[in-house]
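Welcome! Take a moment to look over the sequence and the 3D view before reading on.

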Amino acid sequence: MSVQVRPLSRVVIDAFKGFASGLPEVHHVFVLPGGDDFPLHVAVQDLDHLHAFLTDRLSKRGEITGFRTSVIFQQVSNTAPARLGTPG
């Protein structure tokens with residue numbers, strides 16, 4: 001999922017990073033420039049738990065101005081990625 005916060009200041013960014021990284025559903029917190037300030041890797045049991053996570057935890061934070069979710073059905077990973085710069 002992606003979260004947008006305002007105002008964009010170091011205090012707000014650091015506070016949200018600390019909050020989000022402390023939630024048991026959040027596996028990774030990323031900080032990006034642009035429209036999606038915080039992509040979060042979140043794992044929940046089902047869509048009802050995702051809805052509860054959004055409404056009970058995230059929507060109560062005053063600095064959050066919006067969020068988007070994407071549901072991942074499958075993941076395929078390259079278990080042995082080539083090194084950058086190596087022909088492959």
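What follows is a short tour, from the overall layout to a few single residues.

This is a predicted model, in which local features need pLDDT of at least 70, side-chain atom pairs count only at pLDDT 80 or more, and totals for chains, interfaces and linings use all residues. Residues are numbered from 1 along each chain as its sequence is written, and side-chain values use heavy atoms, with hydrogens and water left out.

**Overall layout**

The protein has 2 helices and 4 strands, and from the N terminus on they run β-α-β-β-α-β. Here helices (H or I, at least four residues) and strands (E, at least two) are DSSP runs, numbered from the N terminus. The C-alpha trace spans about 50 × 35 × 20 Å along its principal axes. The radius of gyration, taken over C-alpha atoms, is 16 Å, while a compact globule of 88 residues would be near 12 Å; that globule rule is 2.2 Å times the number of residues to the power 0.38.

Of the 88 residues, 25% count as buried. Buried means under 20% relative accessible area, exposed means over 50%, and partly exposed lies in between (1.4 Å probe, protein chains only). Among contacts (heavy atoms within 4.5 Å) between residues at least 6 apart in sequence, 60% join residues at least 24 apart.

A UniProt annotation from an unreviewed entry, "domain: Transcription regulator AsnC/Lrp ligand binding", covers residues 3-74. Such annotations may be inferred rather than shown by experiment; positions are given in the numbering used here and feature names are shortened. Over residues 3-74 the chain is 33% helix and 24% strand, with the end C-alpha atoms 22 Å apart.

**The nonpolar core**

In soluble globular proteins, nonpolar side chains tend to be buried together. A nonpolar core is a set of buried Ala, Val, Leu, Ile, Met, Phe, Trp, Tyr and Cys residues joined through side-chain atoms within 4.5 Å. The largest one in this model has 15 residues, and those with the most contacts inside it are Met1, Val3, Val5, Phe16, Leu40, Phe53 and Leu58. At least two residues of this core come from each of β1, α1 (10-21), β3 (38-42) and α2 (47-58), and α2 gives the most, with 4 residues. Setting aside neighbours within four places in sequence, Leu58 is in contact with Met1, Val3, Phe16, Phe19, Phe53, Ile64 and Phe67.

**Residues on two strands**

Here are three residues side by side.

| Residue | Strand | Relative accessible area |
|---|---|---|
| Ser2 | β1 | 11%, buried |
| Gln4 | β1 (residues 2-5) | 13%, buried |
| His28 | β2 (residues 26-29) | 40%, partly exposed |

Which residue does the side chain of Gln4 meet in a polar contact? The partner is the side chain of Asp36, at 3.0 Å. A polar contact is a pair of N or O atoms within 3.5 Å; within protein, one must be able to donate a hydrogen and the other to accept it, and residues adjacent in sequence count only if both atoms are side-chain atoms.

Beyond four places in sequence, Ser2 is in contact with Asp36, Phe38, Pro39, Gly66, Phe67 and Arg68. With the same kind of neighbours left aside, His28 is in contact with Pro39, Leu40 and His41.

**A cis bond after β1**

Most peptide bonds are trans. Arg6 and Pro7, however, are joined by a cis peptide bond, with omega about -5°. Pro7 sits in the loop between β1 and α1.
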